[in-house]
Amino acid sequence: MPTINPVKGTHDIIGEEADVYAYIEETFAEMAKTFGYAHIVTPVIEHTEVFDRAAGEGSDVVRKEMYTFLDKGDRSLTLRPEGTAGVMRSIVTNKLYATPDMPLKYFYSGTAYRYERPQLGRYREFRQMGVECVGEDNVYLDVETIALAYRFLSYLGFNDMKLVINTLGDKESRLRYRAALVDFFKDKIDAMCEDCKQRLILNPLRILDCKVPEDHELAKSAPKMKDFLSERSKERYEATKELLKQLQIPFEEDDTLVRGLDYYGEVVFEVHCISPEGRDYGAICGGGHYEGILSSFGGPSDNDVGVGFGMGIERIYSLMKEFGLTTDLSEGLDIFMMPLGEEAIPAALTLADAIRELGYSVELPYKSCKLGALFKKAERKKAKFAIIFGLDEIKAQTVQVKDLAKQQQEEVSITELPRYLDAHIGAEKGE
Ligand code: HAM
């Protein structure tokens, strides 16, 4: 039989790698809660228009990358390509905005799907964590959101990351800038890539982000956003930078940073980090301030603003691995049971069950093995202690407990075992 490979752009996450993913998600959840965020879980499948309306039909994600299909009832459904749109839809569906306690703050984590060309750090199924802070238009919230992303990545151990920021200004600023870009590119567009031709019609700002070298070169001499900003947006951007300095969060400015989704206005940001081997997995975090999504779903149009970000867990993991930031996460096993002979295995099963109730991790062999083989297994499992016994010991209600690091062995009565384990393993674990 030929083997079946995973779907292109998807991957299996196994064992220690899965543990690190869980650690990343748990740490993020804990930190998001300290910033006042509540957990939200939205469906992976949504009606296609959720993304058309929120992310914008001009974005590459919506135009080219969505996994869209008709279900058996001929409804057009889409696997979410990102987290923001679903959260906004949920806020409207559940009328979460009907509260005096604005802003609404939600964090999430889950898989997302984009039909992209798989390459380093770019998957078709990936895991994205993020936050959305909705319903209050406030530079402090913009900065606090950036601070959460920065503090979280610092906590994971990233020292060499680069936070890049830009402003896309308010609606009037963007309209003026858009017109200037159309004017600048209109006699150059014939020589540019097919994507840029589309972008000129749908969202000319996206041309600035084109990766085709000739187009990228041309874009460098295009008009700059900062020359089209309204006074209000200019002041807001200056205030953002001042507050970031006040929080001692280092940043760089890049006026070509436009982001890939259409809902942004005012501040946008990304975090990049190059691996020690010089590998660029792409942005590990991207986000910004946005407007008009709730009303596009039939929600209220007053205070229809928000700020948030998304982070790619695969990219974070790959970089943590390369920077050696994952090494301390695998704790190893507390106890490996060593029943001597087939007839001692049922007692090992019972004892393991009782010890697990105390909160320790325990494994046992399920068939009879020689003592030498058991010690080798315990070593591979990075076990701290071995509990060794045969039927005779069980009858006498005692076991031998061996500290595998110190190579010291003691006889312990079964009734004393909980106290013994708490004193020896519990103390080491800080319990
Ligand atoms: P995004 O920049 O499209 O923004 O994605 C956020 C992050 O998801 C990226 O920085 C990257 O780490 C990860 N990511 C994106 N595509 C892939 C992929 N194909 N493979 C692996 N990782 C990927 C958003 O999605 C916005 N919803 C962020 C946001 C939230 N803005 C405001 N609120």
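**Helix H1 and the cavities**

Me: Which residues of H1 are buried?
Reply: The buried residues of H1 (buried means under 20% relative accessible area with a 1.4 Å probe, protein chains only) are Val 20, Tyr 21, Ile 24, Thr 27, Phe 28, Ala 29, Met 31 and Ala 32. This is a predicted model, where local features need pLDDT of at least 70, side-chain atom pairs count only at pLDDT 80 or more, and totals for chains, interfaces and linings use all residues. Numbering runs from 1 along each chain as its sequence is written, and side-chain values use heavy atoms, leaving out hydrogens and water.

Me: What covers those buried residues of H1?
Reply: The cover includes strands S5, S6 (125-134) and S11 (305-312), plus helices H5 (139-156) and H11 (313-322). Contact means heavy atoms within 4.5 Å.

Me: How many residues does H1 have, and what follows?
Reply: H1 covers residues 16-34, a DSSP run (H or I, at least four residues; strands are E, at least two). H1 has 19 residues and reaches 27 Å from first C-alpha to last, close to the 27 Å expected at 1.5 Å a residue (times one less than the number of residues). Gly 36 follows H1, with a positive phi near 85 degrees.

Me: New topic: how many cavities of 30 Å³ or more are there?
Reply: Three turn up in the whole structure. A cavity is a set of points on a 1 Å grid where a 1.4 Å probe fits but cannot get out; its volume is the space filled by probe spheres set on the points.

Me: Which residues are closest to the centre of the largest cavity?
Reply: Thr 42, Arg 80, Tyr 108, Ser 109 and Gly 110, out of 13 lining residues (an atom within 4 Å of a point). The largest cavity holds about 110 Å³ of space, and S5 (residues 104-113) gives the most to its lining, with five residues.

Key. 1 Å grid on protein atoms, 1.4 Å probe; cavity = no way out; pocket = protein on both sides within 12 Å on 5 of 7 lines; lining within 4 Å. Buried < 20%, exposed > 50% of the residue type's maximum accessible area, 1.4 Å probe, protein only.
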